[in-house]
Amino acid sequence: MSQNLPEGFLIGKKIELRPMTKEIFKNLHPWMNDHRSRRLARHVLPVLEETTAPWIQEGKSAPSGVVMGIWTKFSQDSPSINIGFVSIFEIDWINRHGELGINLPNPTCWGQGYGQEAVNLMCQFSFSELNLEKVMAHVLEINIGSQKCMEKNNFHKDGTLRNHQFIDGKYENMTLFSILQHEFKPLEP
């Protein structure tokens, strides 16, 4: 691991979650506007480094959210690389809930279990460290991979927001998922 990279904050089997920085985001930025990932991440307008940097900076210090970079684990065969980010945001400290967001913008990283583990680690952090009672996630109905990720992490479908997001010239439904603290199960080590 390079000296200028932050250490793993939350460590899983395949990935580590590390504090997100503007410099680290530069590695992901080229993928943020890729047509395959941007439509599933609900980016309508181009994602610019200048506008995203303040969001990352805010996530590091604001009590309303936490942003973590998703990194593959280092091995003798491959270096540790940043493949996305996961966040818990819009935290309501009175009612003890927040919204989960995840973005793996490079399609070559899809379907390998990275998202499932990142969601699980962020939920574990949200319940055991932040003492939240509920974590919610809004997922496009057309985003089958994210829907499976939520279901594998024991999230429940709470409902459908019909014609909620305008993507590629038509309206798409959004599924609202949630998990309560007592429903959460950490992944097997």
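Two strands pair if DSSP finds at least two bridges between them; helices (H or I, at least four residues) and strands (E, at least two) are DSSP runs, numbered from the N terminus. The model on display is predicted: local features need pLDDT of at least 70, side-chain atom pairs count only at pLDDT 80 or more, and totals for chains, interfaces and linings use all residues. Residues are numbered from 1 along each chain as its sequence is written, and side-chain values use heavy atoms, with hydrogens and water left out.

**The whole chain**

Begin with the protein chain in a cartoon representation. Its secondary structure amounts to 5 helices and 8 strands, arranged along the sequence as β-β-α-α-α-β-β-β-α-β-α-β-β. Of the 189 residues, 46% count as buried (under 20% relative accessible area; exposed is over 50% and partly exposed lies in between, with a 1.4 Å probe and protein chains only). Switching to a surface shows an accessible area of about 10,400 Å², of which carbon and sulfur atoms hold 52%; the area comes from the Shrake-Rupley method with a 1.4 Å probe. Among contacts (heavy atoms within 4.5 Å) between residues at least 6 apart in sequence, 60% join residues at least 24 apart.

**The sheet**

Select the 8 strands next. They form an open sheet of mixed pairing, in the order E1-E2-E3-E4-E5-E6-E8-E7. Strand E1 (10-11) and E7 stand at the edges with a single partner strand each, so one side of each is left without a neighbour in the sheet. Strands of a sheet pair through backbone hydrogen bonds, either parallel or antiparallel.

Move to E2 (residues 15-19) and E3 (residues 65-72), an antiparallel pair joined by 5 bridges. Here Ile-15 has Thr-72 in E3 as its bridge partner.

Then select E7 (residues 156-167) and E8 (residues 170-180), which run antiparallel and are joined by 8 bridges. Thr-160 stands opposite Thr-175 in E8, and Gly-159 is opposite Leu-176. The two strands form a hairpin with 2 residues between them, and Asp-168 in the turn has a positive phi of about 50°.

E8 also pairs with E6, in the antiparallel sense over 7 bridges. Which residue of E8 is the bridge partner of His-138? Highlight Leu-176, which fills that role.

**Helices H4 and H5**

Add helix H4 (residues 114-128) and helix H5 (residues 144-152). H4 lies across E1, E2, E3, E4 (82-92), E5 (97-103), E6 (134-140) and E8, and runs at about 55° to E2. H5 lies across E5, E6, E7 and E8, at about 155° to E6. Axes are lines fitted to C-alpha atoms, for helices over the stretch in contact, and angles run from 0 to 180 degrees between N-to-C directions.

How do the two helices meet? Their axes come within 9 Å and cross at roughly 45°. H4 and H5 are therefore oblique to each other; angles under 35 degrees count as roughly parallel, over 145 as roughly antiparallel, 65 to 115 as roughly perpendicular and the rest as oblique. H4 passes H5 in a right-handed crossing (the near helix is turned clockwise from the far one by less than a right angle; anticlockwise would be left-handed). To see the interface, display Gly-115, Gln-116 and Val-119 in H4 together with Cys-149, Met-150 and Lys-152 in H5.

**Three buried residues**

Centre the view on Phe-127 in H4. At 7% relative accessibility, this residue counts as buried. Beyond its neighbours within four places in sequence, Phe-127 is in contact with Leu-132, Glu-133, Lys-134, Val-135, Ile-179, Leu-180, Gln-181 and Phe-184. A distance label between the C-alpha atoms of Phe-127 and Arg-96, 31 residues apart along the chain, should read 9.5 Å.

Proceed to Ser-87 in strand E4. Is this residue buried or exposed? Ser-87 is buried, with a relative accessible area of 5%. Its contacts, leaving aside neighbours within four places in sequence, are Val-66, Val-67, Glu-99, Leu-100, Gly-101 and Met-122.

Finish at Pro-105, in the loop between E5 and H4. Pro-105 counts as buried at 1% relative accessibility. Its C-alpha atom is separated by 7.4 Å from that of Ile-83, 22 residues away along the chain.
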